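Here are a few exercises to work through with the model open beside you. Try each one yourself before reading its solution.

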Amino acid sequence: MATTVHQPPQIDSGRLPETSHSGNGGWRNLVPEDGDLRVVQHYSPPASSTAIWVVLFAITMMFAALTSALVVRKGASLDWRHFTLPSILYFNTVLLLVSSVTLEVSRRRVATFMGGLRSQSESPARWLYVTLFLGLLFVAGQYIAWLQLSAQGVFLATNPSSSFFYVLTAAHALHVLGGLAGIVYVIRKLSKSVLRRSTLDATARYWHFMDVLWVYLLLLLWMKL
């Protein structure tokens, strides 16, 4: 099959002054032009980069508060009941960690594609779809874990320990769904050739943070429950 090599991207100085800098390592933004991907501006607004750090800080504070509540409640409780975590949680952890790897592969593929060095027949969104699929499997696995606990008679209101398990895992799953929505948004922007690097970077940071947060929560639940 013949491959089509893009011409080197051209700079459109009519969009923004030439002195503007993106702070994004030189990766620029794209808009469709005659069916080709072209670089049209240097500058990528830092709003998304700033906003994602604010969001991550807020999420960190929320889970820190929940952790503090768990530790205090367990220390002051005489009715705290330990239970074995569903084994599927460990498989879910592997899924989430692998999804971070596929997202990083996707970031490199998209960067190469935006640079015009890939054939047009090769989809740069392929690994984004893989990441999306793995994320959905993780959420489905969390739901299975809840079903397994409920089958054992362990519900939200059964014990303070089970309450914290459901609250922490459900809160994390909801934030993962937010990350999946971000990946869908990135895929849509990429399909229209208007994806900004700052958008993909912000989505990737959020997703990697969900990975780290889940590993932390799993260790916390394993030690305290």
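**Exercise 1.** Find which side chain R108 meets in a salt bridge, then work out how the two sit along their helix.

*Solution.* Start with the pair: in this predicted model, R108 and E104 form a salt bridge, with N and O 3.2 Å apart. Next, look at the helix. The two are about one helical turn from each other, because they lie four residues apart in helix α2. Last, check the surface: R108 has a relative accessible area of 54%, over the 50% cut-off, so R108 is exposed.

**Exercise 2.** Trace the salt bridges of R107 to E104 and to D201, and say what they add up to.

*Solution.* Begin with E104: its closest O and N atoms with R107 are 3.2 Å apart, a salt bridge. These two are three residues apart in helix α2 (residues 88–114), so again about one helical turn separates them. Now turn to D201, whose side chain meets that of R107 in a salt bridge at 2.5 Å, N to O. This pair connects distant parts of the chain, with R107 in helix α2 and D201 in helix α5, 94 residues apart. D201 counts as buried because its relative accessibility is 6%. Put together, salt bridges with shared partners make one network of E104, R107, R108, R197 and D201.

**Exercise 3.** Locate S193 and decide: is S193 buried or exposed?

*Solution.* Go to the loop between α4 (160–191) and α5 (197–224), where S193 sits. Its relative accessibility is 14%, so S193 counts as buried. Then check the backbone: phi of S193 is near 60°, a positive value in a non-glycine residue. Most residues other than glycine have a negative phi.

Methods
Residues are numbered from 1 along each chain as its sequence is written. This is a predicted model: local features need pLDDT of at least 70, side-chain atom pairs count only at pLDDT 80 or more; totals for chains, interfaces and linings use all residues. Side-chain values use heavy atoms; hydrogens and water are left out. Buried means under 20% relative accessible area, exposed over 50%, partly exposed in between (1.4 Å probe, protein chains only). A salt bridge is a side-chain nitrogen of Lys or Arg within 4 Å of a carboxyl oxygen of Asp or Glu.
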